[in-house]
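Please open the model in your viewer and keep the sequence panel beside it, because the stops below are given as selections.

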Amino acid sequence: MSSGPIPSEADAGPRPLEGISAVTLATHDMARAVRFYQALGFTLCHGGAGVPFTSLQAGACFLNLLSQPAGRSWSWWGRVIFRVADVDALHRRALAAGLRPEGAPRDAPWGERYFHLTDPDGHELSFAQPLGRGGLGPGGAGP
């Protein structure tokens, strides 16, 4: 079923969506998840290790963690991409904290330098920095 042509930005009027405020990820171990994200530089805003819901801040956005029972499982769902000012510095920070990124930061043809990391609950994360020579807009961090 087609909903018709997609209006251009000029036709759309005021933008009803301003951006993503928060992403919520499930965890089987809140204390472990909070330690993981704080090691990457996320700031604890609400909750913490011993509660079922925690909110961490990353710039103007939030990452929420929601406890799930051990028997609850999930499969691959996608990847959260975080824009960072210095991807190489964050990679060094992750290594110093004992985390294991999938590889070293690399330049991509879509105009970003990035690396991937999987959190302790299996959620895929990407950290990306624009290369400053064009490429995709925010959130491009592809494969």
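**First stop: a bridge in the sheet**

Begin by selecting D107 and R113, for R113, which lies in strand 7, is the bridge partner of D107. This is a predicted model, and the pairing you have just picked out belongs to strand 6 and strand 7, which run in the antiparallel sense and are joined over two bridges. Now widen the selection to the open sheet of four strands, whose order is 5-8-7-6 and whose pairing is mixed. Strand 5 (79-83) and strand 6 (106-107) stand at the edges with a single partner strand each, so one side of each is left without a neighbour in the sheet.

**Second stop: E124**

Stay with the sheet and select E124, which has its place in strand 8. Is this residue buried or exposed? At 18% relative accessibility E124 counts as buried, the cut-off for that class being under 20%. Show side chains here, and you will find that the side chain of E124 makes a polar contact with the side chain of R79 at 3.1 Å. If you then display what surrounds E124, leaving out residues up to four places away in sequence, the residues it touches are W76, W77, G78, R79, V80, L117 and T118.

**Third stop: helix 3**

Next select residues 87-96, which make up helix 3, and colour its buried residues, namely V87, L90, H91 and A94. Looking down the axis of helix 3, you will see these buried residues fall within an arc of 105 degrees, so they line one face of the helix. The spacing fits a general rule: an α-helix has 3.6 residues a turn, so residues three or four places apart point the same way. Turn to the other side of helix 3, where R92 and A96 are exposed. To see what covers the buried residues, add strand 7 (112-118) and strand 8 (124-130), which are included in that cover.

Both ends of helix 3 also deserve a look. At its start, a side-chain oxygen of D86 reaches to within 3.2 Å of the backbone nitrogen of D88, while just after the helix G98 takes a positive phi of about 85 degrees.

**Fourth stop: a hairpin**

Move to strand 2 (residues 43-46) and strand 3 (residues 53-58), which pair in the antiparallel sense over three bridges. One pair to select here is H46 with S55, its bridge partner in strand 3. Between the two strands of this hairpin there are six residues, and G47 in the hairpin takes a positive phi near 85 degrees.

**Last stop: the whole chain, and where to be careful**

Zoom out, and the protein shows three helices and eight strands, which run from the N terminus as α-β-α-β-β-β-β-α-β-β-β. Buried residues make up 33% of its 143 residues, and of the contacts between residues at least 6 apart in sequence, 55% join residues at least 24 apart.

Finally, colour the model by pLDDT, which averages 85, with 81% of the residues scoring at least 70. Among the elements, helix 2 (residues 30-39) has the highest mean pLDDT, 97, and helix 1 (residues 9-12) the lowest, 55. Over residues 134-138 the pLDDT is below 50, although this stretch has eight contacts in the model beyond near neighbours in sequence. Where pLDDT is low, the predicted coordinates should not be read in detail.

Definitions and conventions. Residues numbered from 1 in each chain as written. Predicted model: local features only at pLDDT ≥ 70, side-chain atom pairs only at ≥ 80, totals over all residues. Heavy atoms only, no water. Buried < 20%, exposed > 50% of the residue type's maximum accessible area, 1.4 Å probe, protein only. Contact = heavy atoms within 4.5 Å. pLDDT = per-residue confidence, 0-100. Arc of directions from axis to C-beta. Polar contact = N/O pair within 3.5 Å; in protein donor to acceptor, adjacent residues only side chain to side chain. Pairing = 2+ DSSP bridges.
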